[in-house]
Amino acid sequence: MKYLVTGGSGFIGSHLVEQLLKKGHTVINIDNFDDFYSYKIKIRNTLESLGQNPDFQYHSKDEDIEKIVSETASDTYRLYRQDLRDREGLEEIFRKHQPDTIIHLAALAGVRPSIARPMEYEAVNIQGTMNLWELCKTLGIKKFICASSSSVYGNNEKIPFSETDFVDNPISPYAATKKCGEIIGHTYHHLYDIDMIQLRFFTVYGPRQRPDLAIHKFTKLIFENQEIPFYGDGNTARDYTYIDDIIDGILKSIDYIEKNFGVYEIINLGENEVISLNEMVSTIESVLNKKAIKKRLPMQPGDVQRTNADISKAKNLIGYAPKTNFLTGIKKFVEWFAKQSPR
């Protein structure tokens, strides 16, 4: 099969590309290498996903990305530096490669940055995604997997969070864009018979995790004996989901959508194991054998109190079965972190 993966040089995307290639598929990777975090991390992710040496001699951003695009091209893999807002550029790639299935992981991510830049989040996450659906409509591509987010649940009072819960009260622009994506996606499914699965990811972590996210950030700061930003009283909690389990869920979703027709599903992918901020920090401390220096700060706008995935639908529909408990996942992450070059 030929898969087009957006965001295939990011955290989740690079792991997915790696697994699709191992299974013998062809992958077209679209990533814009934006400045949300260092493009060098995405180059490393790309090389690791291809099983190549991640060491790279850096010069300048444009030159480096052009080089990595050129040097990684093969019969089964192509990388394009492409912005989702550029409809013409996307269409050229779609027409050239005629993918069978789209796996859309690219987005402007982050709750707090979305509050500062809401219009940009709308342009990328909503209009950019609609560009993909318009091309699917035009070119007759009927299979589409889309990354949504647990953030759509907001401060949902019902625990655990179920796909049937009312989610019309997002508390950040990022969450609102993901909810809009689910709604507009259903419209394209209904009008143009595009089979679609929207995957609500719950706080994904593991090797290649973005450095701005809590587990990666806290591990680095604790390791370096620096203060960690500690928001609230430590009782906020997340359903942390290890990257291998997320990738398994995506692959099972692909298998399901390719074997079935008339599909529009929203599916939670979580670990169903809720970890408080206090417990998260203490687990990292234990694995690193270092104490955190906490800089206590008030809760931030847009942050939710708790996430907890009801994964019964994922289990029953696609056979999803997460296997990695939090302690094991942190040990694996720290092992990867220790191997990285100094930052």
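These legends describe close-up views of aromatic rings in a predicted model.

**View 1. Tyr188 and Tyr192, an aromatic pair within helix H7.** The structure holds 15 aromatic pairs, and one of them joins Tyr188 to Tyr192 in a tilted arrangement, with 5.6 Å from centre to centre and 45 degrees between the planes. Both residues belong to helix H7, which covers residues 173-192, and they stand four residues apart, about one turn of the helix. Tyr188 is buried, at a relative accessible area of 7%, whereas Tyr192 is partly exposed, at 28%.

**View 2. A cluster of rings that includes Tyr188 and Tyr192.** Here the two tyrosines appear together with Trp133 and Phe144, and ring pairs link these four residues into a cluster.

**View 3. Tyr205 and Tyr240, an edge-to-face pair.** The ring centres lie 6.2 Å apart and the planes meet at 90 degrees. This pair links distant parts of the chain, since Tyr205 lies in strand S7 (residues 204-205) while Tyr240 lies in the loop between strand S9 (237-239) and strand S10 (241-242), 35 residues apart. Tyr205 counts as buried because its relative accessible area, 1%, falls under the 20% cut-off, and Tyr240 is buried as well, with a value of 7%.

**View 4. Charged side chains over tyrosine rings, with Lys40 at Tyr58 and Arg112 at Tyr231.** The charged end of Lys40 is placed over the ring of Tyr58, at 5.1 Å from the centre of that ring. In the other example, Arg112 lies over the face of Tyr231, and the distance to the ring centre is 4.3 Å.

Terms used: Residues are numbered from 1 along each chain as its sequence is written. This is a predicted model: local features need pLDDT of at least 70, side-chain atom pairs count only at pLDDT 80 or more; totals for chains, interfaces and linings use all residues. Side-chain values use heavy atoms; hydrogens and water are left out. Rings of Phe, Tyr and Trp (its six-membered ring) pair if their centres lie within 6.5 Å; planes under 30 degrees apart count as stacked, over 60 as edge-to-face and the rest as tilted. Helices (H or I, at least four residues) and strands (E, at least two) are DSSP runs, numbered from the N terminus. Buried means under 20% relative accessible area, exposed over 50%, partly exposed in between (1.4 Å probe, protein chains only). A charge sits over a ring if NZ of Lys or CZ of Arg is within 6 Å of the ring centre and within 35 degrees of the ring normal.
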